[in-house]
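Reader: Could you take me on a close look at one strand in this model and the parts around it? I would enjoy a connected walk through it, with some context at the start and a comparison site or two afterwards.

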Amino acid sequence: MPHANARSWPQLRPLVRLTALMLLAAALAACSSSSKYYDPLKSNRTETGFRNNYPQPERGSFWKWQWERLTQGLPPPPANRYQFPVVKPDLAWLKANHTRPSVTWIGHATALIQMGGKNVLTDPMFSDRASPFSFLGPRRKVPLPVQIAELPHIDLVVISHNHYDHLDRASVEQLNLQAGGPPLFLVPLGLRDWFADLGITNVREMDWWDKTSLENLDIYFVPAAHWSARGLFDRAETLWGGWVLQSVQMAPGNDVPAAAQAEPFSVYFAGDTGYSKDFRDIGERFGRFDLALIPIGAYAPRWFMQNQHVDPAQAVLIHEDVRAKRSIGIHWGTFELSDEALDEPPQELARALREARLPADQFITLKHGQTLKLDE
């Protein structure tokens, strides 16, 4: 007979999980960085690290949020019990395609963008957990539709920031060793040293509004409302942001690739962000985008997440602010990072589009592994 004061396992489970989180946080303290880019002439570079362009409300207590979700059993399981449809990409078509713009959603914030004759990968995350450990941290709830080795040769990788669900060590190491040579890695200020420690040297570090080029692609790093850290003591020591990709139209000629002669195409990848005036700034500077990849998940509870993750209604505002012809929702349906059910974001996106009186096909979601050919 158990002791009368003994607690049952369901009662103890929240305490065990909270203890595991505390151990994870303590372990992360060893993962901190020391890179700082203080510049009194730059408003976003302070003596204590980078900051957002526009002030955000104070964030609520992380431990209060963790206790609430553990004791209340959040997040609830999705209605489909995690049986999300997964599509195997048409790899033969992707490898042969050098002229038609396309996007393939691999999951979370990872997408393969084909434009200007180049293969671009956003925030590659192919590991089972968004964590420095194989046994602890958010675990992938939907299987990968494709492995890195199956993809066409990746020419360019863009990284939005250094959180574990967006910058995955195993994934970038594998990409660096891909057949045919490593891709070019474009990263925010402060991250080049992290890559160099892994032996990855084909890296360009960029500040907000910086521009670089890769043959017939122009690439810009643009602001977002977020933060960075891989440990307890490196908060805001590296920058965060989104990316703009623009194909460059060139005059026809025998030495000019067919992809470069096509109509210019532009893509905005928002990365990970809360809502701010940054998006109106981006829309005013670039005028319009053919496609935007905008996060729609990991938004609950709002009292804790509002500074760092937009909800679907705010994602629609970003779509309008940046003047996107079409948008695709990312950052949902793969890892349980917050309190909403994993299948809720597309439903809330549909509601937000109706309330904004926008056509449903203007802002869509894809199945994991689904490819959208963008000139159709």
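**Strand 12 and its surroundings**

Author: Happy to! To begin with the whole chain: among contacts with a separation of 6 or more, 71% are between residues 24 or more positions apart. The model is a predicted one. Its chain holds ten helices and 16 strands, and of its 376 residues, 54% are buried. The chain exposes about 17,000 Å², with 52% of that supplied by carbon and sulfur atoms.

Now to the strand itself. Strand 12 covers residues 266-269 and is covered on both of its faces. Side chains in a regular strand alternate between the two faces of the sheet. Here Ser266 and Tyr268 lie on one side, Val267 and Phe269 lie on the other, and all four are buried.

Next, the sheet it belongs to. This is an open sheet of seven strands, in the order 9-10-11-12-13-14-15, with mixed pairing. Strand 9 (211-214) and strand 15 (363-364) are at the edges with a single partner strand each, so one side of each has no neighbour in the sheet.

Strand 12 itself has strand 11 and strand 13 beside it in that order. With strand 11 (residues 242-247) it runs antiparallel, and four bridges join the two. Across this pairing, Leu245 stands opposite Val267, while Trp243 stands opposite Phe269. With strand 13 (residues 291-295), strand 12 runs parallel, and the link is made by three bridges. Val267 turns up again here, standing opposite Leu291 in strand 13. To get from strand 12 to strand 13, the chain passes through helix 7 (residues 278-286), in a β-α-β crossover that is right-handed.

There is also a helix to look for over this part of the sheet. Helix 9 (residues 312-321) lies across strand 12, strand 13, strand 14 (327-330) and strand 15, and runs at about 155 degrees to strand 13.

For comparison, let us turn to the other sheet. It is an open one of seven strands as well, ordered 8-7-6-5-4-3-16 with mixed pairing. Its edge strands, strand 8 (203-206) and strand 16 (371-373), each pair on one side only. On average, neighbouring strands of this sheet are turned by 20 degrees against each other, direction ignored.

Two residues make good landmarks in it. Ser102 is in strand 3 (residues 102-107), which is joined to strand 16 by three bridges in an antiparallel run. Opposite Ser102 in strand 16 stands Lys373. Beyond residues up to four places away in sequence, Ser102 touches ten residues, including Trp93, Leu94, Ile113, Thr371 and Leu374. Ser102 counts as buried because its relative accessibility is 0%, under the 20% cut-off.

The second landmark is Val157, in strand 6 (residues 156-158). Val157 also counts as buried, because its relative accessibility is 0%. Setting aside its neighbours within four places in sequence, Val157 is in contact with Leu121, Pro124, Leu175, Pro183, Leu184, Phe185 and Leu186. One of these contacts is worth picking out: Val157 and Pro124 are 33 residues apart in sequence, and their C-alpha atoms are 7.7 Å apart in space.

How values were computed. Residues numbered from 1 in each chain as written. Predicted model: local features only at pLDDT ≥ 70, side-chain atom pairs only at ≥ 80, totals over all residues. Heavy atoms only, no water. Buried < 20%, exposed > 50% of the residue type's maximum accessible area, 1.4 Å probe, protein only. Pairing = 2+ DSSP bridges. Right-handed = clockwise from strand over helix to strand, strands pointing away. Contact = heavy atoms within 4.5 Å. Axes fitted to C-alpha atoms, helices over the stretch in contact; angles between N-to-C directions. Areas by Shrake-Rupley, 256 points an atom, 1.4 Å probe, with all protein chains shown as cover.
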